[in-house]
Amino acid sequence: MHFKLSLLIATLFCCHTFLRAQEKENLISLSMKDASLKEILKEIEKQSPYSFVYNESINLSTKKSISLKNKLLESALLLIFDGTNIEWKISGNHILLQQAAKTFTISGYVMDQKTKETLIGSSIYSPNIRKGTVSNNYGFYSISLPAGEINLKASYVGYSMNEIHFILTKDTVINLSMTTSAMLQEVIVETNKGILSNIENTQLGAINLTAKTINAVPTIFGETDLIKVLQQTPGVSAGTDGLSGLYVRGGNRDENLYLLDGNPLYDVNHVFGIFSTFNPDAIKNMEFYKGSFPARYGGRLSSVVDVRTKDGDMQEYHGTATIGLIASKAQVEGPIIKDKASFNVSFRRTYLDVFTTPYFWIMNRKNKALGEKHSAGYHFYDLNAKLNYKFSDKSRIYLNIYGGEDALK
């Protein structure tokens with residue numbers, strides 16, 4: 001028993017002595033003023049068992065003033081190479097140096113080639129670097145890539161892929177234009193039985209809808225309604241049939257955040273909730289978050305409905321007009337200054353009061369002798385207007401106007 005205890009103590013003493021000696025070998029003390037990196041590295045080689053291995057193309061002529069006392073080798077290297085583009089790695093008794101790759105930022109807008117309307121949520125990907133990003137709510141993208149030959153691809157649903165090749169040598173602004181395409185290539189989804197594939201998504205419970213998708217969904221009285229479309233998605237309940245309420249995964253209808261071009265709307269209903277205030281002719285894109293929505297959407301518990309309106313065609317004037325059973329709509333857009341400024345105006349109005357006015361006029365003429373006069377009517381309207389001015393490839397300004405009213409007399 002005494003022999004085993006003595007052996008354990010001796011082993012621990014030897015390990016402690018070895019570790020102390022190894023730690024002492026890794027301690028660096030330097031006091032050098034305006035010395036080149038090459039001179040500093042030679043001094044480190046004298047004080048440690050390590051040698052530096054590097055390519056002659058690495059610039060070690062940079063002057064630095066260093067004052068270190070009993071610093072660990074790793075801490076000393078961090079201070080010495082701070083502010084340089086040199087990376088280091090310890091391998092055995094060698095310290096490997098290499099030039100850090102320079103990275104530059106590519107940024108710009110993704111837009112429709114014909115109308116210059118920005119495209120929200122388009123994908124930008126570099127297959128040779130295996131890095132990508134998506135355009136934000138203003139159609140703007142930004143991605144940092146290493147210098148050298150770059151292959152950049154942009155894709156968006158309903159558009160042909162845009163691919164460009166170039167040499168990246170500095171921060172670059174590239175605006176990507178997309179052309180519409182009615183042809184979709186065949187998509188084959190395959191899986192191997194028994195193999196579990198990990199599917200990762202940075203945003204759960206998010207739905208992205210374009211104006212084309214919203215208008216394709218049939219709704220009551222033929223009037224397309226954004227809220228009615230959302231009510232048909234999984235996890236959403238309408239509450240009372242025919243009304244524009246959203247009850248998302250057990251939440252209440254007042255726990256939803258509604259945004260129109262980033263501005264909160266506190267009441268989104270017409271006719272006591274039968275229709276919503278979102279005019280489909282003005283909508284460009286809508287993002288619906290049913291859970292785990294980003295932190296920038298604070299203040300609500302159930303969901304976020306983020307609606308973005310059209311910026312306006314920067315090339316030519318055009319519009320639409322629709323006459324429905326209970327409402328008529330008109331939309332017009334075009335350039336104020338070509339490739340510089342544009343506008344988009346949408347207006348919607350119901351005309352129940354127009355139909356009731358002749359009825360009450362006839363009734364009042366019949367009851368004129370009795371001295372009675374009756375009048376009643378109801379209508380609502382929505383006005384969306386947006387001005388878009390482009391200062392440069394990196395800066396824009398938007399002016400958004402919304403007006404709406406429910407009039408009951």
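Here is a friendly set of questions and answers about the predicted model shown above.

Me: What should I know about numbering and confidence before I start?
Reply: Residues are numbered from 1 along each chain as its sequence is written, and side-chain values use heavy atoms, with hydrogens and water left out. This is a predicted model, where local features need pLDDT of at least 70, side-chain atom pairs count only at pLDDT 80 or more, and totals for chains, interfaces and linings use all residues.

Me: How many helices and strands does the chain have?
Reply: Helices (H or I, at least four residues) and strands (E, at least two) are DSSP runs, numbered from the N terminus. Counted that way, the secondary structure comes to 6 helices and 27 strands.

Me: What percentage of the residues in the chain is buried?
Reply: Buried means under 20% relative accessible area, exposed means over 50%, and partly exposed lies in between (1.4 Å probe, protein chains only). Of the 409 residues in the chain, the buried share is 38%.

Me: Is Ser 36 buried or exposed?
Reply: Ser 36 is found in strand S1, residues 27-36. Leaving aside neighbours within four places in sequence, Ser 36 is in contact (heavy atoms within 4.5 Å) with Leu 60, Ser 61, Thr 62 and Lys 63. Its relative accessibility is 10%, so Ser 36 counts as buried.

Me: How many residues of strand S6 are buried?
Reply: Strand S6 spans residues 103-112 and is mostly covered. Of its 10 residues, the number buried is 8.

Me: Which strand runs antiparallel to S6, joined by 7 bridges?
Reply: Strands of a sheet pair through backbone hydrogen bonds, either parallel or antiparallel. Here, two strands pair if DSSP finds at least two bridges between them. In the antiparallel pairing of S6, Ile 106 stands opposite Ile 143. The partner, at residues 140-146, is strand S9.

Me: Which residue in S13 stands opposite Val 110?
Reply: S6 runs parallel to strand S12 (residues 172-173) with 2 bridges, and there Ser 107 has Val 173 as its bridge partner. S6 also pairs in the parallel sense with strand S13 (residues 176-178), over 3 bridges. In S13, the residue opposite Val 110 is Leu 176.

Me: What is the order of strands in the open sheet of 5 strands?
Reply: This open sheet has mixed pairing. Its edge strands, each pairing on one side only, are S14 (206-210) and S18. The full order is S14-S21-S22-S17-S18.

Me: Which residue in S22 is the bridge partner of Glu 287?
Reply: Strand S21 (residues 283-289) and strand S22 (residues 303-309) pair in the antiparallel sense over 6 bridges. In S22, Glu 287 has as its bridge partner Asp 306.

Me: Which residue meets Asp 306 in a salt bridge?
Reply: Side chains of opposite charge can pair when their charged atoms come close. A salt bridge is a side-chain nitrogen of Lys or Arg within 4 Å of a carboxyl oxygen of Asp or Glu. Asp 306 is buried, with a relative accessible area of 2%, and its partner also counts as buried, at 9% relative accessibility. The two side chains meet at 3.6 Å, N to O, and that partner is Arg 308.

Me: How many residues apart are Asp 261 and Lys 386?
Reply: Asp 261 forms a salt bridge with Lys 386, the closest N and O atoms being 3.6 Å apart. The pair links distant parts of the chain, with Asp 261 in the loop between strand S17 (256-260) and strand S18 (263-265), and Lys 386 in strand S26. Both Asp 261 and Lys 386 are buried. Their separation along the chain is 125 residues.

Me: Is Asp 393 buried or partly exposed?
Reply: The side chains of Lys 390 and Asp 393 meet in a salt bridge, at 3.5 Å from N to O. Lys 390 counts as buried because its relative accessibility is 15%. Asp 393 has a relative accessibility of 33%, which means that Asp 393 counts as partly exposed.

Me: Which strands each supply at least two residues of the nonpolar patch?
Reply: The surface patch covers about 730 Å², and its members include Ile 336, Leu 387, Phe 391 and Ile 401. Phe 391 is found in strand S26 and is partly exposed, with a relative accessible area of 48%. The strands supplying at least two residues each are S24 (327-337), S26 (378-392) and S27 (395-408).

Conventions
Patches are made of residues with over 30% relative accessible area and no salt bridge: like charges are joined within 9 Å, nonpolar side chains (Val, Leu, Ile, Met, Phe, Trp, Tyr) within 5 Å. Accessible areas come from the Shrake-Rupley method with a 1.4 Å probe; for residues, only the protein chains shown count as cover.
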